[in-house]
Amino acid sequence: MEILMVLGLPLLGAALLAVFGARRFAAELNAGMSLATLIAASFLVLRVIRHGPLLAGHEQFFVDPFNVFLVALTAFVGFTTALFSRPYMRIEEHHGRLNPGRLRLYHSMYQLFMAAMLLALLTNNMGLLWVAMEAATLSTVLLVSLYRTRASLEAAWKYFILCGVGIAQALFGTILLYFAAEKALGRQGMTALLWTHLNAVKGQLEPRVLGLAFVFLLVGYGTKVGLAPLHNWLPDAHAEGPTPVSAVLSGLLLNVALYAVIRCKVLVEGSIGHILPGRMLMTFGLLSAVLGAFFIWRQRDIKRLFGYSSIEHMGIITFAFGLGGPVANFAALLHMTVHSLTKSSIFFTAGHASQTAGTQQMDGIRGLVGISPTIGWGLMLGSLSILGMPPFGVFASEFLILTTAMREHPWTTPFLLIALGVAFAGIFSRVQPMVFGESDAPPLPHSPALLPVFVHLGMVLLLGVYMPAALAEWYRAAARLIG
Amino acid sequence: MHHSELIAQLLKVIAAGLLLISFAMLASRRTQQLITLFAWQGAMLFVSTCLVAYSSGLTEMYYSAGLTLLLKVIALPWILHRLIHRLGAQWDSEQLVNVPTTMMAGLALVIFAFGLAQPITSMATTITRHTLGIALAVILLAFLMMITRRKAVTQVIGFLAMENGLFFAATSATYGMPMVIELGIALDLLVGVFILGIFFFQIREQFDSLDLSNLESLKED
Amino acid sequence: MRAISFVRQFLEVVLAIAIAPLFTGWIAQCRAWLQNRSAPSLLQPYRMLRKLFFKDVVLAQNASALFRATPYVLFGTMVLAAAIIPSLVTDLPLARVADSIALVGLFATARVFLSLAAMDIGTAFGTLGARREMMIGFLAEPALLMVLFNAFMLFGSTSLPSLVDGYRAHQSVVDPSVIFAAVAFVMVLLAENARIPIDNPSTHLELTMIHEAMLLEYSARHLALVEWASSLKLFNYACIGFALFLPWGIATHGADGGWPLLVAIAALLGKLVIAGAALALIESLSAKLRIFRAPEYLAMAFLLAVLGLLVHLLLGA
């Protein structure tokens with residue numbers, strides 16, 4: 001029932017907004033539907049906490065602590081982003097970058113995107129997971145090109161083609177998985193791709209096939225995670241799309257794609273052991289972290305800067321999942337949470353900052369504190385948080401990951417430290433002059449909604465200072481599931 | 001000759017035909033020709049799926065064969081033809097860089113694909129198992145085509161050809177995916193082509209051409 | 001070795017010599033139909049030959065003996081080739097002397113002689129034609145060999161007659177690799193016989209011609225022999241194609257008597273009719289390639305043939 005609500009509400013929202021998306025109240029409707037989804041998701045969370053994992057809809061849907069935590073996160077960030085997008089899109093309309101038709105497309109696709117991500121998280125069927133991931137790509141392609149500028153078209157094209165090709169590899173991996181499942185389970189049609197069934201027999205799955213399948217699945221879904229060297233689409237799509245889209249891409253879609261990788265990893269590990277998949281995740285993760293950090297130095301565009309920061313952080317999370325074990329998994333899950341909260345709040349402030357300055361070029365953005373203290377301080381605090389300054393939650397998770405890496409694979413620590421250090425210097429040296437300094441830019445025509453920014457940052461702070469026991473237990477349960 | 005052996009032979013011939021079409025795509029310059037080749041590839045898939053359905057006695061395979069016929073032989077080529085007609089791009093041709101080198105790379109990919117599929121092939125029990133290598137080769141060749149081409153329409157055809165290869169892999173390794181999944185994939189494909197169609201118009205509006213070399217400004221400096 | 005074999009061998013060669021111009025005429029007729037022209041008579045090639053044989057030879061002053069000998073060499077090699085290729089029967093005494101690699105060698109010999117003769121007079125066109133011909137031949141030969149190897153892999157023999165026998169014995173569905181080989185073979189056939197898309201047999205435009213450029217200095221009976229040899233070459237290629245890919249109807253070893261032979265003749269004529277029409281269709285549909293595209297075209301033929309080999313090996317037929 002809750003599952004139906006969680007999936008049905010955004011779909012309903014998409015349908016409603018396809019009709020009313022151009023009206024004055026569309027932004028409120030968008031936020032309202034997201035809130036309803038969030039409420040439905042909270043009920044689902046309560047139920048899972050109380051009654052444990054849950055199968056529904058002829059076993060087609062499966063909820064355990066691992067995905068329900070992502071469902072809650074997705075619904076929450078989806079709601080706050082909808083709140084943020086209300087004044088943001090009004091200002092964009094005021095600046096003449098959007099017309100009612102595009103606004104309708106934006107609102108409708110936003111809800112559809114949420115529905116696709118939630119379906120990807122909730123489904124028990126590996127094939128359906130693939131379909132939902134592809135649907136999530138398709139629904140965001142037109143959002144990235146919403147402004148119809150040359151650069152945004154290019155970014156959207158790159159996004160579509162690269163992710164399309166990537167996800168085709170994932171489909172091949174899924175086919176191989178199905179092939180192996182048929183061997184172990186016999187021909188059962190729909191049920192052979194159910195994750196729970198596969199998980200039950202993962203020891204009997206043919207190792208050679210699963211090894212090959214994992215390579216394809218990792219490359220395929222990894223493209224969507226933005227793992228280097230398959231990350232090319234990510235900075236462009238983040239920089240050229242509207243800011244709310246950048247926020248949900250970075251804060252949510254990357255997580256969902258990583259979720260798909262980890263689900264596959266659990267199956268594959270049952271068959272071929274954890275050495276090979278773990279090593280692969282660690283290699284890709286380290287490479288992304290280091291490359292992302294170094295590319296940060298070369299950026300001039302504020303959203304590209306933080307796009308590369310997302311690559312770096314997804315790399316760190318992937319690395320942590322590759323390390324495996326309860327502590328590293330715990331840290332990775334925590335990092336997923338704090339990263340998506342922090343990164344979306346940074347995009348909120350960065351969006352308003354570039355609206356204020358009239359450019360996304362960092363050289364043109366100066367003295368934010370002078371124009372609007374909330375935007376300025378929001379950006380500063382967000383940046384400090386993403387750079388892993390104590391007492392924010394990012395520090396806690398990065399600290400855990402570093403210490404685990406030091407204990408289990410000492411050779412990786414220098415790379416991690418270099419990545420963190422380079423990213424720190426790169427981002428801090430850019431953000432500092434943007435926030436402080438002189439400016440004579442006029443204030444924004446609509447007052448920005450910065451409540452989400454401070455709510456997000458407050459939560460990150462809370463996670464860093466004091467983690468509620470219930471939440472910690474929840475993370476631990478999820479970490480155990482991943483193994 | 002034994003009955004199922006005959007079907008297995010025929011399937012191999014069709015698989016070889018698919019591979020041949022992939023190479024033809026790699027070498028052909030004209031957009032319209034590519035669409036025709038794509039339709040032929042779809043038709044071959046249709047026949048092979050029917051054959052597999054007949055030999056395995058699975059009725060749902062007939063549905064997926066019908067879906068292939070509708071989508072890949074009729075709908076998509078028709079949409080693409082309409083598209084390039086409306087874009088005025090039907091006589092477009094593009095300069096290819098060194099066809100023999102590309103073909104040589106394709107040949108290497110074929111060997112690689114067979115090598116990769118070897119362990120799976122040896123385990124499959126379906127009568128189509130030998131064709132898995134070819135399916136993988138078709139996927140990789142479509143990939144190669146997307147890398148070497150600079151025109152938007154051509155890249156999309158490459159993308160669709162890659163999906164054809166995936167479909168063939170699914171039939172050849174496992175007698176096809178479950179029906180719901182196949183419907184989902186087909187829907188995604190159709191929506192994707194529609195979105196790309198919208199895209200073509202947006203790109204042409206902005207750049208006055210469908211040449212993707214215009215789309216290379218977003219780079220690291 | 002039985003006498004009847006020699007009779008059949010003789011019959012086959014005579015038939016080849018007799019109907020080769022007819023095949024060329026048939027293709028010309030089909031092309032004319034496809035292009036909405038009124039077609040020349042089927043017997044036009046024979047009339048041409050007759051006319052040429054009755055004319056007086058005009059020779060350039062500096063023409064050497066090689067120049068005069070070449071038409072006979074050409075005709076001779078093509079007749080010999082026709083004797084090796086099993087177009088009607090597989091029980092050919094001469095075919096035991098030379099396998100199909102020697103056959104490729106025969107074609108190469110003819111090409112060398114023709115090119116030398118073209119350069120003999122020292123005109124610009126002759127040299128140009130010879131140079132282009134050598135380039136195409138040098139690229140087409142490996143492709144042809146690959147096609148032949150492809151077929152040999154199936155039955156483990158390099159002799160065409162035993163290949164046909166093998167086919168008939170197995171009665172199998174076509175092997176997947178054959179598709180690749182067939183496409184490659186048709187490409188080579190078009191290139192080697194100076195047809196569109198590599199050359200145009202009916203043009204004398206200096207920028208594009210290859211084969212015709214080499215014949216410019218020939219006249220009368222020399223020209224007649226060269227033209228006849230060209231028809232024979234096309235006929236031979238067609239028969240190689242039949243032996244490799246459509247061996248139905250050819251009288252195999254042990255099939256004695258008149259009946260199989262009649263069937264074989266009927267089958268050959270039928271196949272020639274269809275192949276001629278198909279060739280004309282291909283030629284009408286394709287555009288002539290610029291000369292520097294020719295290497296690309298032949299490289300593709302070669303690669304396709306290699307691919308056929310690969311598919312055969314990897315699919316484990």
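1. Start with helix H6 of chain B in this predicted model. The helix covers residues 152-174, which makes 23 residues. From its first C-alpha to its last, H6(B) reaches 33 Å. That is close to the 33 Å expected at 1.5 Å a residue.

2. Is H6(B) mostly covered or mostly open? H6(B) is mostly covered, with 23 of its 23 residues buried. Just after the helix comes Tyr175(B), and this residue takes a positive phi of about 60°.

3. Now the chains. Two pairs of chains touch, and the pair with the most contacts is A and B. There, 36 residues of chain A are in contact with 36 residues of chain B. On the chain A side, three elements give two or more residues each: helix H5 (126-144), helix H6 (150-185) and helix H8 (207-225). Which of these gives the most? H6(A) does, with 16 residues.

4. Consider the make-up of that same side of chain A. The residues touching chain B divide into 23 nonpolar, four polar and nine charged.

5. Chain B also meets chain C. Here 22 residues of chain B are in contact with 19 residues of chain C. The elements of chain B that give two or more residues to this side are helix H1 (3-27) and helix H4 (99-121). H1(B) supplies the largest share, twelve residues. By class, the chain B side has 17 nonpolar, four polar and one charged residues.

6. What of chains A and C? No contact joins chain A and chain C. Their closest C-alpha atoms lie 19 Å apart.

7. One residue is worth a look at the boundary between chains B and C. Val99(B) lies in helix H4 of chain B. Leaving aside neighbours within four places in sequence, Val99(B) is in contact with Ala27(B), Glu296(C) and Met300(C). So its contacts include one residue of chain B and two of chain C.

8. Why does Val99(B) count as buried? The cut-off is 20 or more other C-beta atoms within 10 Å. Val99(B) is buried because 20 other C-beta atoms lie within 10 Å.

9. Last, a pair separated along the chain. Val99(B) and Thr148(B) are 49 residues apart in sequence. In space, the two are 10.0 Å apart, C-alpha to C-alpha.

Terms used
Residues numbered from 1 in each chain as written. Chains lettered and ligands numbered in written order. Predicted model: local features only at pLDDT ≥ 70, side-chain atom pairs only at ≥ 80, totals over all residues. Contact = placed C-beta atoms within 7 Å. Helix = DSSP H or I, 4+ residues; strand = E, 2+ residues; numbered from the N terminus. Nonpolar A, V, L, I, M, F, W, Y, C, P; charged D, E, K, R; others polar. Expected span 1.5 Å × (residues − 1). Buried ≥ 20, exposed ≤ 12 C-beta atoms within 10 Å, placed from the backbone.
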